[in-house]
Amino acid sequence: MTEQQARQEMVQLGASLFQRGYATGSAGNLSVLLEDGRLLATPTGSCLGELQAENLSTVTLQGEWLAGDKPSKEIAFHRALYLNNPACKAVVHLHSHYLTALSCLQDLDTKNCIRPFTPYVVMRVGDVPVVPYYRPGDVRLAEDLAVLAPRYRGFLLANHGSVVVGGSLREAADNTEELEETARLIFTLGDRPVRYLTDGEVAELRS
């Protein structure tokens, strides 16, 4: 994919996420690793529904701002994910409704906050650890995600939202939507008894 194609895809996926209610206002950010090793990212304060291809930020993996509008302050944790997971080619960070609600609950299993009850999160994302709450832009977000990056594809930021990586921006966006729909099911089921997948069923999905 050329840089121009990557820019167009980011604009289109951002608009789609915004129009369908996965992003609101100027919340959330996207990034993708270009073939030459630079990052293409959404600018600070930008609305995902109103991105302009020519204004997208380009930065190095070391954090140098090269061109376009100023990148989001959260680009630091995007960089941490790329630097610590060679399979990561794109990052989607959203404050979507149900995942953000889930991130605000007490007593989540910090090793995997979504106990498997459908096969799809297991196949698409796997376990979803919880990163402790830090102020948005805090360097500790990047530090914690750097440690988790080699082993996971999706993360819940406490009291904040979700972060999902993928082999492409489309894959990361699709997997984010799968997580959001699973979180919606959690709240829909509420206190009703849930038939969770067994360890054997989970192992079969991962094999």
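**Close-up views of a predicted model**

**View 1. Strands E7 and E8 pair side by side in the antiparallel sense.** In this predicted model, strand E7, which covers residues 154-157, and strand E8, which covers residues 161-166, are joined over four bridges. One residue to look for here is Leu157, whose bridge partner in E8 is Gly161.

**View 2. An open sheet of eight strands contains this pair.** Reading across the sheet, the order of the strands is E4-E3-E2-E1-E5-E8-E7-E6, and the pairing is mixed. The edge strands are E4 (65-67) and E6 (130-131), each of which pairs on one side only. Helix H2, made of residues 75-84, packs on the sheet and touches strands E1 (29-33), E2 (39-41), E3 (57-59) and E5 (90-94), as well as E7 and E8. The direction of helix H2 makes an angle of about 35° with that of strand E1.

**View 3. The largest nonpolar core has 23 residues.** The members that touch the most others in this core are Phe77, Leu81, Val91, Val131, Leu145, Phe155 and Val163. At least two residues of the core come from each of E2, H2, helix H5 (139-148), E7 and E8, and the largest share, five residues, is supplied by H2.

**View 4. Val163 is shown with the residues it touches.** Leaving aside residues up to four places away in sequence, Val163 touches Phe77, Leu81, Val91, Val92, His93, Arg153, Gly154, Phe155 and Leu157.

**View 5. Another nonpolar core, of 21 residues, lies apart from the largest one.** Among the residues of this other core are Met10, Leu13, Leu94 and Ala172.

Notes. Residues numbered from 1 in each chain as written. Predicted model: local features only at pLDDT ≥ 70, side-chain atom pairs only at ≥ 80, totals over all residues. Heavy atoms only, no water. Pairing = 2+ DSSP bridges. Contact = heavy atoms within 4.5 Å. Axes fitted to C-alpha atoms, helices over the stretch in contact; angles between N-to-C directions. Core = buried A, V, L, I, M, F, W, Y, C linked by side-chain atoms within 4.5 Å. Buried < 20%, exposed > 50% of the residue type's maximum accessible area, 1.4 Å probe, protein only.
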